[in-house]
Amino acid sequence: MSAFKSDFLRTMGERGFIHQTSDDAALDQLFATETVSAYIGFDATARSLHAGSLIQIMMLYWLQQTGHRPIALMGGGTSMIGDPSFKDEARKLLTPQDIEDNLAGIRRNFTPYLKFGSGPNDAVMINNADWLMDINYVNFLRDVGRHFSVNRMLAFDSVKLRLDREQSLSFLEFNYMILQAYDFVELYKRLGCRLQMGGSDQWGNIVNGIDLGHRMEGAQLYALTTPLLTTSSGAKMGKSASGAVWLDAEMLSPYEFWQYWRNTEDADVGRFLKLYTTLPLAEVARLERLGGSEINEAKKILATEITAMLHGREAAEEAARTAEALFERGQSTESLPTVTIDKGQDDKWQFGRSNAAIAVASGLVPSNSEARRKMAEGALRINDRVVTDPNEIVLWTDLYENTGAFKVQLGKKKVILVRPV
């Protein structure tokens, strides 16, 4: 469909969010005439969501901004199984306490983006454990399971690809799509939810929910999926060389988060400005046209706008100033992200720690072997000095200028202060 009448779908289309819908015309008419409740599900696989989830959070943001009601579904129940979609192997099973701890962290990720409350378009957060954990299995098979065709489930790409590679798919995982479909029906019954949104890998699961809603409740439900995003070079969104790009400031500092977006590839700047910022499209178009070294200014705007939405304008501008001072003016600064390293109480660490140990403590490399590899490449600096010997001891007194810490740098733009305590 070339032109949408409703504000929400027009925004989604213009900014590049739409990969597929179950019925363009009917969904557009629904949004143009009613206040629509729509949901996205988030399983509790970690204590925070990462940047790969930002496209989904931004969909909920725009849903609310255009007058509709976002539902953030916490997967307290489905996390007991884990979504097998397009995974090569089963996820590690989480304990109920793991899930509860993770949910507590994930809930905080949404507060910068959504207004929660009891108004007609205030966001709702709900946990599918509320209905899934008390299911009677035999009754569930009779009432819900009878509506599913195993032949059809086996034909979905998320299952078929796994089986074609002769990788085991457990009966536990096979149930996930049934539970997700049931979630859609429950949210329709409880909150009048008519639309489920998600990444394109969720299409089969969402369509199952549409079909189940029709069979069980006679309801007309809808699907909207986003493209599965990678960078222009094929890297997965939300991952960096040093690990996941977490949304929680305690797991990844605002400065590191800003740097991740500042390092965006040239070809991705316009696309990411549309998806991850609220800048007007005319301004995005102007920034897209910048070439040569000017594209770096667009990247700074991208990084600052995304960071400001999550961590606040002050933190975003401080990150930008820190980067400018460090990389453009060559100044040191204490506003760099800082981690601590325990001096220890025994004689082993009496004088200091090795280059490799300090590099690993910084979090810029995950292991001693990776530290050695980066040193061999000449990519690691400690206190502005290229280090090549992983076993060389850096004394506790050899701190960087007035920071009270070691300055550890990987490549040109990843810098951490490691403070001994």
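**View 1. Helix H4 lies across three strands of the sheet, E2, E3 and E4.** In this predicted model, H4 spans residues 96–110 and runs at about 160 degrees to E3. Among the strands it lies across, E2 covers residues 37–43, while E3 takes in residues 69–75.

**View 2. Here we follow the strand order of an open, mixed sheet.** Six strands make up this sheet, and reading across gives E1-E6-E5-E2-E3-E4. Strand E1 (20–21) and strand E4 (124–127) are found at the edges; each has a single partner strand, so one side of each lacks a neighbour in the sheet.

**View 3. Strands E3 and E4 pair in the parallel sense.** Four bridges link the two. To find your way along the pair, look for Ile71, which stands opposite Val124 in E4.

**View 4. Helix H2 lies across E1, E5 and E6.** This helix is made of residues 24–33 and runs at about 100 degrees to E6. Strand E5, which H2 also lies across, comprises residues 195–199.

**View 5. Thr226 is a buried residue of strand E6.** The strand covers residues 222–226. Thr226 has 0% relative accessibility and therefore counts as buried. Its side chain makes a polar contact of 3.5 Å with the side chain of Gln56. Leaving aside residues up to four places away in sequence, Thr226 touches Phe17, His19, Ile55, Gln56, Met59, Gly198, Gly199 and Ser200.

Methods
Residues numbered from 1 in each chain as written. Predicted model: local features only at pLDDT ≥ 70, side-chain atom pairs only at ≥ 80, totals over all residues. Heavy atoms only, no water. Buried < 20%, exposed > 50% of the residue type's maximum accessible area, 1.4 Å probe, protein only. Polar contact = N/O pair within 3.5 Å; in protein donor to acceptor, adjacent residues only side chain to side chain. Contact = heavy atoms within 4.5 Å. Pairing = 2+ DSSP bridges. Axes fitted to C-alpha atoms, helices over the stretch in contact; angles between N-to-C directions.
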